[in-house]
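Grab a pencil and work through these exercises with the model open beside you. Try each task before reading its solution.

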Amino acid sequence: MFVLPLLSLYYEDMDVWTIQKKEIIEKVKAGEIYLPDYDYCGTLDFSLCYQAATEIWNEANFRFDRGVLFTLAKNDMTAFLSADEVRDAVEGFNFHMFFDEYGLGIFDDDHVLVRLHYDDSFNPVPIDIHVFSVLPPFLMLEFNPFMETKVIFDDEAMPRDLAGALMDRERIRKIWDRWSTGKAPDPMFIDKLSILQLHYGFISPENLTGEEYPATFLQIGAE
């Protein structure tokens with residue numbers, strides 16, 4: 001269990017984008033509320049990240065959800081204004097290679113890219129997606145379920161080449177501290193292609209904006 005301080009930081013109304021199974025969005029259109037479940041996680045490598053995101057979301061918003069929805073926004077906490085902007089950012093981050101590496105096929109006819117709107121009563125606990133993608137090995141040391149005490153980025157236990165040349169352990173520790181207490185995100189790179197990952201515990205019919213595209217729209221070279 002991640003033990004976190006109570007959070008009180010809230011954000012303005014947000015438009016965000018997410019890739020979801022088409023059947024999920026169809027059920028929401030029909031009036032259902034979609035509640036992600038922590039018991040389903042696409043890859044074991046990211047199970048601790050999913051757990052962390054869920055517990056940080058719950059603590060920040062005084063909720064008890066079993067999972068979170070992963071959504072995308074610009075690094076200045078504003079929405080991508082079009083699906084074309086989302087595609088440019090996806091190509092800049094190279095989502096395709098990232099998901100292929102973990103065997104997660106989402107750029108297909110069974111998934112859709114949708115724009116959602118949430119009001120200002122939620123803290124989406126944002127994190128730079130570049131940072132999130134290198135968290136797993138650090139969290140496996142930080143939160144070992146078989147240990148009673150935390151191992152805080154143990155220098156001897158941590159292989160020197162983890163996370164490549166993207167960042168050092170000290171920097172990711174500071175970023176983790178900001179994320180886990182709901183503070184404004186610390187971007188990995190200051191550029192137009194940086195992406196924030198924002199979290200919400202549900203999709204209700206009221207969150208749908210009507211803007212929806214086949215996930216294949218995000219494939220490189222798609223028109």
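Helices here are DSSP runs of at least four residues and strands are runs of at least two, numbered from the N terminus. One thing to keep in mind throughout: this is a predicted model.

**Exercise 1. Get the overall layout**

Task: work out how many helices and strands the protein chain has, and in what order the elements run.

Solution. Start by counting: the protein chain has seven helices and six strands. Next, walk from the N terminus, and the order reads β-α-α-β-α-α-β-β-α-α-α-β-β. Then look at the contacts between residues at least 6 apart in sequence: 83% of them join residues at least 24 apart. Finally, check the cover: 49% of the 223 residues are buried, and the chain exposes about 11,500 Å², with carbon and sulfur atoms supplying 54% of that area.

**Exercise 2. Classify two ring pairs**

Task: decide what kind of aromatic pair Tyr 118 and Phe 202 form, then do the same for Phe 132 and Trp 179.

Solution. A pair of aromatic rings is described by the distance of the centres and the angle of the planes. Ring centres must lie within 6.5 Å to pair, and planes over 60 degrees apart count as edge-to-face. The structure holds 10 aromatic pairs. For Tyr 118 and Phe 202, the figures are 5.8 Å centre to centre and 75° between the planes, which is edge-to-face. Now place them: Tyr 118 is in strand S3 (residues 111-118) and Phe 202 is in the loop between strands S5 (195-200) and S6 (208-214), so this pair ties together parts 84 residues apart in sequence. Both Tyr 118 and Phe 202 are buried.

On to the other pair. The ring centres of Phe 132 and Trp 179 are 6.0 Å apart with planes at 85°, so this one is edge-to-face too. Phe 132 belongs to helix H5 (residues 129-132) and Trp 179 to helix H7 (residues 169-180), 47 residues apart. Phe 132 has a relative accessible area of 7% and Trp 179 has 2%, so each falls under the 20% limit for buried.

To finish, zoom out: ring pairs join Trp 57, Tyr 118, Phe 122, Tyr 200 and Phe 202 into a cluster.

**Exercise 3. Find the nonpolar cores**

Task: which residues touch the most other members of the largest nonpolar core, and which helix gives the most to it?

Solution. In soluble globular proteins, nonpolar side chains tend to be buried together. The largest core has 38 residues, and Val 16, Tyr 118, Leu 135, Trp 179, Leu 198 and Tyr 200 touch the most other members. Helix H2 (residues 47-61) gives the most, with seven residues. As an example of the packing, take Leu 135: beyond its neighbours within four places in sequence, it contacts Cys 49, Ile 127, Ile 172 and Trp 179. There's also a second, separate core of 16 residues, including Ile 19, Val 90, Phe 107 and Ala 215.

**Exercise 4. Check H2 and what follows**

Task: what span should H2 have, and how does phi behave right after it?

Solution. At 1.5 Å a residue, the 15 residues of H2 should span 21 Å, and the end C-alpha atoms are 21 Å apart, so the two agree. As for cover, 13 of the 15 residues of H2 are buried. Next comes Phe 62, with a positive phi near 55°, in the loop between H2 and strand S2 (69-74). Most residues other than glycine have a negative phi. Met 77 also has a positive phi, near 65°; Met 77 sits in the loop between S2 and H3 and is buried at 17% relative accessible area.

**Exercise 5. Compare two residues of H3**

Task: are Ala 83 and Glu 85 buried or partly exposed, and what do they touch?

Solution. Ala 83 lies in helix H3 (residues 83-93), and so does Glu 85. Ala 83 has 2% relative accessibility and counts as buried, while Glu 85 is partly exposed at 27%. Leaving out residues up to four places away, Ala 83 touches Trp 17, Leu 113, Tyr 213 and Phe 217; with that exclusion, Glu 85 contacts Lys 74, Ala 79 and Phe 80. Phe 217 has another partner: the charged end of Arg 87 sits over its ring, 4.2 Å from the centre.

Key: Residues numbered from 1 in each chain as written. Predicted model: local features only at pLDDT ≥ 70, side-chain atom pairs only at ≥ 80, totals over all residues. Heavy atoms only, no water. Buried < 20%, exposed > 50% of the residue type's maximum accessible area, 1.4 Å probe, protein only. Contact = heavy atoms within 4.5 Å. Areas by Shrake-Rupley, 256 points an atom, 1.4 Å probe, with all protein chains shown as cover. Phe/Tyr/Trp six-rings, centres within 6.5 Å; stacked < 30°, edge-to-face > 60°. Lys NZ or Arg CZ within 6 Å of the ring centre and 35° of its normal. Core = buried A, V, L, I, M, F, W, Y, C linked by side-chain atoms within 4.5 Å. Expected span 1.5 Å × (residues − 1).
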